[in-house]
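Work through the exercises below with the coordinates open. Try each task before you read its solution.

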Amino acid sequence: MCNKAFPVMSKLRRHLLTHTKEKPFVCHVCGKIFSQKGNLTQHFRIHTGERPFCCDICEKDFSHKGHLNDHYRIHTKEKPYSCDICYKEFSQNCHLNRHYQIHSNEKPYSCDICGKNFSQKRYLKDHYGIHTNEKSFSFDVSGIKFPHKRYLKDYYGIHTNEKSFSCEICNKTFSKKCHLKVHYRTHTNEKPYSCEICNKGCSDKSDLNKHYRTHTMEKPYSCDVCSNKFSQKSGLNKHFLIHANEKPYFCKICNKVYSKKSDLNKHYRIHTEDKPYSCDVCGKAFSQKRYLIRHFLTHTKEKIHSCDVCNKKFSQKCNLNRHCLIHKNEKLYSCDVCGKKFSLKYYLNNHVRSHSNEKPYSCDVCNKEFSQKINLIEHYRTHTNDRPYACDVCNKKFSHKSNLNKHCRSHTNERPYSCDVCDKEFSLKRYLKIHYLSHSNEKLFSCDLCSKNFSQKRYLKDHYRSHTNERPFSCDVCSKQFSVRTDFNKHLRVHSNEKPYSCDVCNKEFSRKSYLNEHYRIHTNEKPYSCDVCNKEFSFKSTFNRHCRIHTNEKPYSCDTCGEEFSRKIKLNEHYRIHTNEKPYSCDVCGKQFLEKRYLLKHSRTHSKKNLHSCDVCKKEFSEKFHLTRHYQIHTNEKPYSCDICGKKFSQKYCLSYHNRTHTKEKPYSCNVCNKQFALKSNLNEHNRTHTNKKPYSCDVCGKQFFHKRYVKKHFRTHTKEKPYSCIICNKQFSQKSDLNNHFRSHTKEKPYSCDVCIKKFSQKRYLRDHYRTHTNEKPYSCEVCNKQFSLKTDFNRHLRTHAKTKSYICDVCSKEFSQECYFKDHYQTHSKEKLYSCDVCNKQFALKSTFDSHFDTHTIVKPYSSDELIFSEIL
């Protein structure tokens, strides 16, 4: 039939009975039939209680020799049978066969009544007792009956407290063998049961069944008192203790009571500081296993719990339950003092401490006290600098999970909180609360020193430091100190060059979110801020506040050293560097230092020659775009800004502002040495160099040094003979624009400068200045050779040539030499016979200007020198 061979005929006959299914041997006691006589003999020992086989080591008796052999392997630790799939080893073949059913998921035994399938026959027998309600095994003491013998054994162990099974690794004892098997898996980390939905592994089948309920949301156990449902019976039992208010377990150290023994054991670890559970990834240790499981989700990023209403996912079920209360809006716990309601008892307990001012948790390092334990844990991270939460997008790390969640909204642009008044949305709830104050204009916090009011307490704290001059935040790189933490964080990005915020439109990056929000208005052209005085609109609040100070003339920032006031704080900070002579920005190429960063950026372009802006007309290049825009107005001759008093037009607004000071006589800048006042700051800076005799600008050709850069440019034209300015009337060219303006007045006959003493008018300011000396008899120029004094610098220079005996000007026609240019020009006219100067009154023409001026005075009858002037000079 099966072609199997046997050495003895008797074994063949015995084997044939397996094919014929014949069972000729019958038990006379219970009528059970067997195919082999040996099997009947073994069975009969059940009735007689005979156990002829004894273990030599522990003297345990067995009815079968095979059972004795299997028992011997407990002492020898021999496991000859191994699984082909997972290579697990077993001491008995039946255990291996039973184990195979875990992989094959085979359940060959089925119930005839309900059709339920089982992997082992003994499980089916146990199951039959549910239908028959048969309880054959009873306890001798109490008479309680059980359907299975193993249930009776378990009950015996509870009363006798017998734990005959011990773990060979940790020596922990158990009353049941199955519990010992499950316990072994905690050492081997074996998880033979896996979830078909999420593939999560479980060491015990009961744990797998409990886990399945997290997917099915099944809660078969309900409370008879409050109808609250639970997925596990243990959860129901624990819940019953809330109604009974029973706490039978107490701590022997601090007398704290608990309703569960497991909670007491966990509490003991606070005193012993025992942390038996450690993370395999980062090595962090925990006192409770649930803390380890919860921590492990920070590495796996797994979120297995989801909300049925909004589909939001959570890594922990407690967070899901807490979240569900948002939808239910259910608040079962209320404060007895103020009546405030809470959705969780945990929140209520924390709230009660705000009335009692109780702070039971203190820091071991700095002794700071906290009302909540989580605040203490978060505070510890300030000492350890631990940041366990990292952003998946930019890898930025945070010490608090709440800060990570808030940060993630900067990437997702999520704004879950909206204002009921104006529908404005916010990413954080505290921003919404702050925004509400803008509608109510409420400022609850006031300063005790200056009575200034603030809408938030943190603003008041920051403000207090302006009185105490406290700066608790210092930079590790440059040691700069800050009184406000936000300013400190912004400053750190200067060193790290971090720009986490980028524009969706143009991809420009920013170091602060406020800069990004303000930048967006460039694209949207939004101007939410308008001036109440002139109705001018602004897109930035800082620009709006700055503009308002124009009307109020407010200058809230003052220098501690010189008392100078400023309308902007940045100007005050820049001004401070004048006193400290600090130049924090230096060029990497040439090492030149600057007061402000913008000056460094401008200077850097002189080295890189990149991003230069060139003029389409003359191809001139500029490092700044606004310089190019200003240059274009030279070609277009556009002058959009005009003076209200004299009607003069200007191409730039700042030029008009400077010009207005000529009418108002305002001179806001004064010299600290001689108290001389100036209308422009640049003029003051140039003047200061006359005291320090510092001439930082030099000519590359002749090495001559100058106080100002523009003087070098003007001087350089003497070498290049460049004359870029030409008269539109006579086409005469000039190297300096001021010379062109002075020349232009010769055509217009304009003389804007008049003498206060004799009312004589002049076309140029320097002529008026020289003329004043005729009244004051001032002679500031003296010759070092003969001590002769002169009121005019031209006369002084002319005189110096008499000592030098050099004649620099030579006539090309007759080779006559002259010491002065004016004499040379007058002589040159004698050769050309040209008469450039004509009298407007009598049309008489003259070759020399001096002759023309003398003639013109005969018509005007001007006598510049009188006896009154002589008396005036004597008085002076």
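The exercises go from the whole chain to single residues.

The model is predicted: local features need pLDDT of at least 70, side-chain atom pairs count only at pLDDT 80 or more, and totals for chains, interfaces and linings use all residues. Residues are numbered from 1 along each chain as its sequence is written, and side-chain values use heavy atoms, with hydrogens and water left out.

**Exercise 1. Overall dimensions**

Compare the radius of gyration of the protein chain with that of a compact globule of 876 residues.

Solution.
- Step 1: take the radius over C-alpha atoms, and use the globule rule of 2.2 Å times the number of residues to the power 0.38.
- Step 2: the rule puts a compact globule of 876 residues near 29 Å, but the protein chain has 51 Å.
- Step 3: check the principal axes, along which the C-alpha trace spans about 170 × 75 × 50 Å.
- Step 4: list the secondary structure as DSSP runs, numbered from the N terminus (helices are H or I, at least four residues; strands are E, at least two). The chain has 32 helices and 60 strands.

**Exercise 2. Burial and contact range**

Find what share of the 876 residues counts as buried, and what share of the contacts joins residues at least 24 apart.

Solution.
- Step 1: set the burial classes with a 1.4 Å probe and protein chains only: buried is under 20% relative accessible area, exposed is over 50%, partly exposed is in between.
- Step 2: by these classes, 23% of the 876 residues are buried.
- Step 3: define a contact as heavy atoms within 4.5 Å. Among contacts between residues at least 6 apart in sequence, 4% join residues at least 24 apart.
- Step 4: compute the area by the Shrake-Rupley method with a 1.4 Å probe; for residues, only the protein chains shown count as cover. The chain exposes about 63,400 Å², and carbon and sulfur atoms supply 48% of that area.

**Exercise 3. Salt bridges**

Count the salt bridges, then place K77–E168, K88–E190 and D770–R773 in the fold.

Solution.
- Step 1: require a side-chain nitrogen of Lys or Arg within 4 Å of a carboxyl oxygen of Asp or Glu. The count is five salt bridges.
- Step 2: K77 and E168 pair with N to O at 2.4 Å. K77 sits in the loop between α3 (65–76) and β5 (81–82), and E168 in the loop between β11 (165–166) and β12 (173–174), so this pair ties together parts 91 residues apart in sequence. Both K77 and E168 are exposed.
- Step 3: K88 and E190 pair with their closest N and O atoms 3.2 Å apart. K88 is in the loop between β5 and β6, and E190 in the loop between α7 (177–188) and β13 (193–194), so the pair ties together parts 102 residues apart in sequence. K88 is partly exposed at 27%; E190 is partly exposed at 22%.
- Step 4: D770 and R773 pair with their closest N and O atoms 3.1 Å apart. Both lie in helix α28, three residues apart, about one turn of the helix. D770 is partly exposed at 22%.

**Exercise 4. Surroundings of R773**

Is R773 buried or exposed, and what does R773 contact?

Solution.
- Step 1: locate R773 in helix α28 (residues 765–776).
- Step 2: R773 counts as buried because its relative accessibility is 11%.
- Step 3: leave aside neighbours within four places in sequence. R773 then contacts E778, P780, Y781, S791 and L792.
- Step 4: a polar atom of the R773 side chain lies 2.8 Å from the backbone oxygen of S791.

**Exercise 5. Surroundings of S91**

Which residues does S91 contact, leaving aside its neighbours within four places in sequence?

Solution.
- Step 1: find S91 in the loop between β6 (89–90) and α4 (93–104).
- Step 2: S91 is buried, because its relative accessible area is 19%.
- Step 3: the contacts are R73, E78, K79, P80 and Y81.

**Exercise 6. Length and cover of α23**

Test the span of helix α23 (residues 625–636) at 1.5 Å a residue.

Solution.
- Step 1: multiply 1.5 Å by one less than the number of residues.
- Step 2: the 12 residues should span 16 Å; the end C-alpha atoms are 17 Å apart, which agrees.
- Step 3: L628, H631 and Q633 are buried in α23. Their cover includes β43 (613–614) and β44 (621–622).
- Step 4: N637 follows α23, with a positive phi near 55 degrees.

Conventions:
A polar contact is a pair of N or O atoms within 3.5 Å; within protein, one must be able to donate a hydrogen and the other to accept it, and residues adjacent in sequence count only if both atoms are side-chain atoms.
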